[in-house]
Amino acid sequence: MTTATAPHSLIRNGRYAAWLVSDTAKGLASALFGFAIPLIALFVTNEPAQGGAISAVGMGIRMVTTVFGGVLADRHRRIVMMVMGSVVGVVLSAAFTVLALTDALTFATLLIMEILLAARTGLFDIAGESALKEIVPDDAMGRAQAANQGRDAVLQLAGGPLGGVLLAAGAWLIGAAMAVCHLIAAVTAWMLQRSVAASAPIPAPAPSSTPENGDDPARRPRVAADTPDGPGFPTENGEPDAADTGLLAAAVAVGKPNAMREITEGFRWLFSRPDLRGVLFVATIINLGFSVAMTTVIYALQQQGHSPVTIGFFATGAGVAMLLGALLAPTIVSRVRSGTVIIGGLAVSAVGVFGLIPVHEPLPLTLVLAGIVFFIPSVNAALMGYFMVATPTEMLGRANSASAVLGMGAIPLAPLVAGIGLSLIGRDATLVVGAVLCTISVLLAISTAALRALPAKSGWAAHSAQFAIR
């Protein structure tokens, strides 16, 4: 007689709650800055291309630093890195506040702040994302990712209007709010680290460095040693011969930390998995197309003379739709094959981007955008949930960073395409470019067998085990 195991309760998981608060506070800070910077740049320069250049540089810096962030996440304690990243965020947010209060926000200073904050995100945020696997078991990962999507919807819901109100009152308020958010993130991450450390097993005491026969090297037993630096094979007189010395030197070299080698391992592992690599190329194209479309709409609204508050409420419709979609995401991910969820959600988004072209006023744009993003929480929950289950814990930081880099590899082009497109070919033609890119991603997804084969949540572990490297 077998007894069914009760599903893991996320509500009763205090560590997940602490992680969620920390990650949410950090996410709100990023949402405020991401909303404000393009608009501040447009107000300062009155040039969409220059505003696009600032965003493009920031995205490029984030992409480069993300690959090193994955290495750091696999080398060090991930929750400690969450604390460090939030502390850095407090310092940078305070610096932005000072620049705003002293009327020192120019194209150059905005570019510098964008670079520094993008580097902070790339170096530290992967650790927070990867730490989730240490807190939530695999059987609850789908629900956790769906809850995260609901959280993201709330940020989308609040970030735009809040950013618009704060920016209307003064850019310094954006910096102050970011500093408070990062402070909350640092405190809750520190509390999470203390909870994890308190429950960790006490390590066994290390053997005494002074054995009974003393610490005379001449009296040590001559046995082969398999150490982290490599194997040593003594000869009859107790010293390694020349051949063994070469082997030992090579082994030591391999054992030394090497960021480029570890980055390569992350990409190699990801590309060795046919169940994952096809999805990444699809994500790269859809992200570029969707980002081009959204950036074009926001820049166009600003150029039409709409206020930051109005533009902020444009994001409210997307937030409401994503929140409703997130409520349905756990059911959809549990009952529908992930491949079907992903392809269907992308198809809806592509059709919606075409629908943006003839619409110019904020309210109708908001309604169309709400339809575009309704199924995005289900798509992300299926995609990220399967990815977290399929990736070994020791590889998660590097695999996450490799996935993020490939997923956003072309996104730095989006603000440039939007800014230059608005200047040269106009709003509607630039939106056509974004819509065509989205359509290409859908066709690629349909033609990718590995993506179509992804099962519903209950089959993630068994399906991913087929592709595990043995």
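In this predicted model, the side chains of Glu 262 and Arg 75 meet in a salt bridge, with 2.7 Å from N to O. The pair links distant parts of the chain, since Glu 262 belongs to helix α8 (residues 259–271) while Arg 75 belongs to helix α2, and their positions lie 187 residues apart in the numbering. The two partners can also be described by their accessibility: Glu 262 counts as buried because its relative accessibility is 10%, whereas Arg 75, at 36% relative accessibility, counts as partly exposed.

With that pair as a starting point, the reader may step back to the chain as a whole. The protein chain has 470 residues, of which 49% count as buried, and its secondary structure comes to 18 helices and two strands. Among the contacts in the chain with a separation of 6 or more, 85% are accounted for by residues 24 or more positions apart. The chain exposes about 21,400 Å², and carbon and sulfur atoms supply 69% of that area.

Salt bridges are a useful thread to follow further. Side chains of opposite charge can pair when their charged atoms come close. The count for this model comes to ten salt bridges. One of them joins Asp 125 to Arg 120, with the closest N and O atoms 3.1 Å apart, and both of these residues are buried. Another joins Glu 265 to Arg 261, where the closest N and O atoms are 3.9 Å apart; both residues lie in helix α8, four residues apart, which is about one turn of the helix. Glu 265 is partly exposed, with a relative accessible area of 27%, and Arg 261 is also partly exposed, with a relative accessible area of 29%. Through salt bridges that share partners, Arg 261 and Glu 265 are joined with Asp 74, Arg 78 and Arg 398 into one network.

Asp 74, a member of that network, deserves a closer look. Asp 74 lies in helix α2, which covers residues 48–75, and the side chain of Asp 74 reaches the backbone nitrogen of Gly 397 at a distance of 2.8 Å. When its neighbours within four places in sequence are left aside, Asp 74 is in contact with Thr 393, Glu 394, Met 395, Leu 396, Gly 397 and Arg 398.

Arg 427 offers another case of a charged side chain that reaches backbone atoms, here backbone oxygens. Arg 427 lies in helix α16 (residues 427–446), and it counts as buried because its relative accessible area is 10%. A polar atom of the Arg 427 side chain lies 3.2 Å from the backbone oxygen of Leu 356, and the backbone oxygen of Val 359 lies 2.3 Å from a polar atom of that side chain. Leaving aside neighbours within four places in sequence, the residues in contact with Arg 427 are Thr 296, Ala 300, Leu 356, Ile 357, Val 359, His 360, Leu 365 and Leu 422.

From charged residues the path leads to the nonpolar interior. The largest nonpolar core has 97 residues, and of these Phe 96 and Val 136 touch the most other members. Helix α1 (residues 14–45) gives the most to this core, with 13 residues. Val 136 itself touches Leu 10, Tyr 16, Met 141 and Ala 144, when residues up to four places away in sequence are not counted.

Nonpolar residues also appear at the surface. A nonpolar surface patch of about 590 Å² is made by Leu 413, Leu 416, Val 417, Ile 420, Leu 424, Ile 425 and Val 433, and helix α15 (residues 413–424) gives the most to this patch, with five residues. Leu 413 has its place in helix α15 and is partly exposed, with a relative accessible area of 46%.

A last stop is Val 154, whose place is in helix α5 (residues 141–169) and which counts as partly exposed because its relative accessibility is 40%. Although Val 154 and Met 322 are 168 residues apart along the chain, their C-alpha atoms are separated by 8.1 Å.

Methods
Residues are numbered from 1 along each chain as its sequence is written. This is a predicted model: local features need pLDDT of at least 70, side-chain atom pairs count only at pLDDT 80 or more; totals for chains, interfaces and linings use all residues. Side-chain values use heavy atoms; hydrogens and water are left out. Patches are made of residues with over 30% relative accessible area and no salt bridge: like charges are joined within 9 Å, nonpolar side chains (Val, Leu, Ile, Met, Phe, Trp, Tyr) within 5 Å. Accessible areas come from the Shrake-Rupley method with a 1.4 Å probe; for residues, only the protein chains shown count as cover. A salt bridge is a side-chain nitrogen of Lys or Arg within 4 Å of a carboxyl oxygen of Asp or Glu. Buried means under 20% relative accessible area, exposed over 50%, partly exposed in between (1.4 Å probe, protein chains only). A nonpolar core is a set of buried Ala, Val, Leu, Ile, Met, Phe, Trp, Tyr and Cys residues joined through side-chain atoms within 4.5 Å. Contact means heavy atoms within 4.5 Å. A polar contact is a pair of N or O atoms within 3.5 Å; within protein, one must be able to donate a hydrogen and the other to accept it, and residues adjacent in sequence count only if both atoms are side-chain atoms.
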